Structure formats: C-alpha cells, structure tokens
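Please read the points below with the sequence and the structure open beside you. They are written for someone meeting a model of this kind early in their studies.

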Amino acid sequence: MSKLRIAVIGSGGMGQRHAQLIAGRDDAELVAVASRNEASGRTVAQARGVPYLNDWRDANTRDDIDGVIVATHNDSHGEIILDALEHGKHVLTEYPLARTIEEGERAVAIAKSTGKTLRITHGETISGTHAALKRIAAESGGLLLASFS
C-alpha cells in the first residue's frame, strides 16, 4: 500500500499537532506545511523535514500531494476546502466546514461527485461543555440546520 501524501495548511496548535500525528503513521506521510504565518510555518516544516509553502494554493496544486489538512482560522476554511476539492485533493478539516451554508453544500457536492474524502473534525467532542450542548440540543428536539455568521 502506498502512503497518502499530506500537506498541513495552518501552523498554529492544531496544525502542529496534525503534523506531529502524521509523522507517526505508516500509511501517510507529511509532504509540506503551508501557512500565512511564515515564522511558525517554517518552524513546523523544519521540525518535520518538509518544505514550507507560503501560499496554501501551492499545496492544492502540487501533484505530489494527495490530501490536505485544513487547520487555519475559521474564516478561510471554505475557500481552501473548495479549492482543494476542485484540485482533486482529499480534505480533513477542523470545524467549521465553511462560513455559509451554500459554501458547505458546494463542498459536499464536489466531494460526492469526485469521490474524494471530506472529513470535518472537532477537537471539543469530549469536553464537558460539548457534552452538555449535545444533551441540551437532543432534549430540544431534532436540530435541522445551524448557521453562525
């Protein structure tokens, strides 16, 4: 089995953690780190022995990258994810998927039509606050749609 070649986009705490986790896997390898913060981006890339990309678009257009992990500020997720999917990349992203419902629906549609993986994760799934919110939401009835602007 060949390794899944991954670029991490974002070099804050979550980006650093994802880069660290990939390094310990047999089925994936970190190929690059992209970040708008050059200082932290270069630090993460150098610590992992991979190139630093100062523009996330470069990660999405490189042929030696199969997928990206998006760990940037929330306001940029949708744009990066859509571009990655349009360039045939698999995507793992920290929440939120997008800033608008339309952007999120477009990302899901592209992933479905191309057969690419689109996975959204949330680091708070086991916190007490998150558990309480889930309980309250369940007691309130079915949540159909939420949009935070």
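1. Where is the place of proline 96? Proline 96 lies in the loop that runs between S5 and H5. The peptide bond that joins tyrosine 95 to proline 96 is cis, with an omega of about -5°. Please keep in mind throughout that this is a predicted model.

2. Arginine 99 is also placed in the loop between S5 and H5. With a relative accessibility of 42%, arginine 99 counts as partly exposed, because partly exposed covers the range between under 20% (buried) and over 50% (exposed). The C-alpha atom of arginine 99 is separated by 28 Å from that of aspartate 63, and these two residues are 36 residues apart along the chain.

3. The sheet gives the frame for the rest of this note. Six strands form an open sheet, and going across it their order is S3-S2-S1-S4-S5-S6, with parallel pairing. S3 and S6 stand at the edges and have a single partner strand each, so one side of each is left without a neighbour in the sheet.

4. Strand S1, residues 4–9, can be followed to both of the strands beside it in that order. Six bridges join S1 to S2 (residues 28–34), and the two run parallel, while four bridges join S1 to S4 (residues 67–70), again in parallel. Isoleucine 6 is a helpful residue to find on the screen, since it stands opposite leucine 30 in S2 and has glycine 67 as its bridge partner in S4.

5. Strand S4 also pairs with S5 (residues 90–94), in the parallel sense and over four bridges. Within this pairing, the bridge partner of isoleucine 69 is leucine 92, and that of valine 70 is threonine 93. Both faces of S4 are covered, with Gly67 and Ile69 buried on one side and Val68 and Val70 buried on the other. This division can be read alongside a general rule. In a regular strand, the side chains alternate between the two faces of the sheet.

6. Two connections between strands deserve a careful look. S1, helix H1 (residues 13–23) and S2 make a β-α-β unit that is right-handed. S4, H4 and S5 make a right-handed β-α-β unit as well.

7. Serine 35 sits in the loop between S2 and helix H2, which covers residues 38–48. Is serine 35 buried or exposed? At 8% relative accessibility serine 35 counts as buried, because that term is used for values under 20%. Not counting residues up to four places away in sequence, serine 35 touches Ser11, Ser40, Gly41, Tyr52, Leu53 and Asn54. The side chain of serine 35 also reaches the backbone nitrogen of asparagine 37, at 3.0 Å.

8. Asparagine 37 in turn has a contact at the start of H2, where one of its side-chain oxygens reaches to within 3.1 Å of the backbone nitrogen of alanine 39. Further along, Ser40, Gly41, Val44 and Ala45 are the residues of H2 to look at for burial, since they are buried. They cover an arc of only 130° around the axis, which puts them on the same side of H2. These buried residues pack against H1, S2 and strand S3 (52–53), whereas the face turned away from them carries Ala39, Thr43, Gln46 and Ala47, which are exposed. Just after H2, glycine 49 takes a positive phi of about 70°.

9. Helix H5, residues 101–114, allows a simple check of length. Its 14 residues should span 20 Å at 1.5 Å a residue, and the C-alpha atoms at its ends are 20 Å apart, which agrees. Which residues of H5 are buried? They are Gly104, Ala107, Ile110 and Ala111. Seen down the axis, the buried residues of H5 fall within an arc of 125°, so they line one face of the helix. Their cover includes helix H4 (77–86) and strand S6 (118–121), while on the other side of H5 the residues Glu102, Glu105, Lys112 and Ser113 are exposed. Glycine 115, just after H5, takes a positive phi of about 75°.

Technical notes: Residues are numbered from 1 along each chain as its sequence is written. This is a predicted model: local features need pLDDT of at least 70, side-chain atom pairs count only at pLDDT 80 or more; totals for chains, interfaces and linings use all residues. Side-chain values use heavy atoms; hydrogens and water are left out. Two strands pair if DSSP finds at least two bridges between them. A crossover is right-handed if, with the strands pointing away from the viewer, the path from the first strand over the helix to the second runs clockwise. Buried means under 20% relative accessible area, exposed over 50%, partly exposed in between (1.4 Å probe, protein chains only). A polar contact is a pair of N or O atoms within 3.5 Å; within protein, one must be able to donate a hydrogen and the other to accept it, and residues adjacent in sequence count only if both atoms are side-chain atoms. Contact means heavy atoms within 4.5 Å. The arc is that of the directions from the helix axis to the C-beta atoms. The expected span of a helix is 1.5 Å times one less than its number of residues.
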